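Student: I have not looked at this structure before. Could we go through its charged side chains?

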Amino acid sequence: MRHLKSGRKFSRTTDHRKWLMRNLVTSLLESGRITTTEAKAKELRRHVDRLITAAKPDDLAARRHVAGQVTKPEVIEKLFANILPRLKERPGGYTRIIHKGPRLGDAAPMVIIEIVD
């Protein structure tokens, strides 16, 4: 039974899955909007929302927590300088998923995930 086992595995090893999410989080925070599959976007939403909530205090511990998840230093600065002030009063739900349609090659459901303004 799968009780209390949350998260998708994506047929990848643990390390590969962690780096996949770190790269997706970095790309989303860097550009504000990315196109990916629906399953990856739903999993990414969990990681980004938790990361932004943890970054809200804007202290050294929050910066170190974010640095452990985001792979580019300039994206960390962009998060604390540009993104967090816009989302300071928002209690949650920092991302939006917009359905795009199936991918041509394998008909995987594609979506656009973006940070809400």
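**Charged side chains**

Tutor: At 8% relative accessibility, Glu114 is classed as buried. Bear in mind that the model is predicted.

Student: Which residue forms a salt bridge with Glu114?

Tutor: Glu114 lies in strand S3 (residues 109-115), and its partner sits in strand S1 (residues 33-37), 81 residues apart. The partner is partly exposed, with a relative accessible area of 48%. The closest N and O atoms are 2.4 Å apart, and the residue is Arg33.

Student: Which residues are linked with Glu43 in a network of salt bridges?

Tutor: In helix H2, Glu43 has a partner 3 residues away, about one turn of the helix; this is Arg46, at 2.7 Å, N to O. A salt bridge also joins Glu43 to a residue with the closest N and O atoms 3.2 Å apart, and that residue lies in the segment before helix H1 (14-31). The network therefore links Glu43 with Arg46 and Arg8.

Student: Is Glu43 buried or exposed?

Tutor: Its partners Arg8, at 35% relative accessibility, and Arg46, at 27%, are both partly exposed. The relative accessible area of Glu43 is 6%. Buried means under 20%, so Glu43 is buried.

Student: What is the nearest side chain of opposite charge to Lys56?

Tutor: Lys56 is in the loop between helix H2 (38-55) and helix H3 (60-67). Lys56 touches residues including Leu84, Lys88 and Tyr94. Lys56 is buried yet has no salt bridge, and the nearest side chain of opposite charge, 8.0 Å away, is Glu89.

How values were computed:
Residues numbered from 1 in each chain as written. Predicted model: local features only at pLDDT ≥ 70, side-chain atom pairs only at ≥ 80, totals over all residues. Heavy atoms only, no water. Helix = DSSP H or I, 4+ residues; strand = E, 2+ residues; numbered from the N terminus. Buried < 20%, exposed > 50% of the residue type's maximum accessible area, 1.4 Å probe, protein only. Lys, Arg positive; Asp, Glu negative; His and termini not counted. Salt bridge = Lys/Arg side-chain N within 4 Å of Asp/Glu carboxyl O. Contact = heavy atoms within 4.5 Å. Lists of a residue's contacts leave out its neighbours within four places in sequence.
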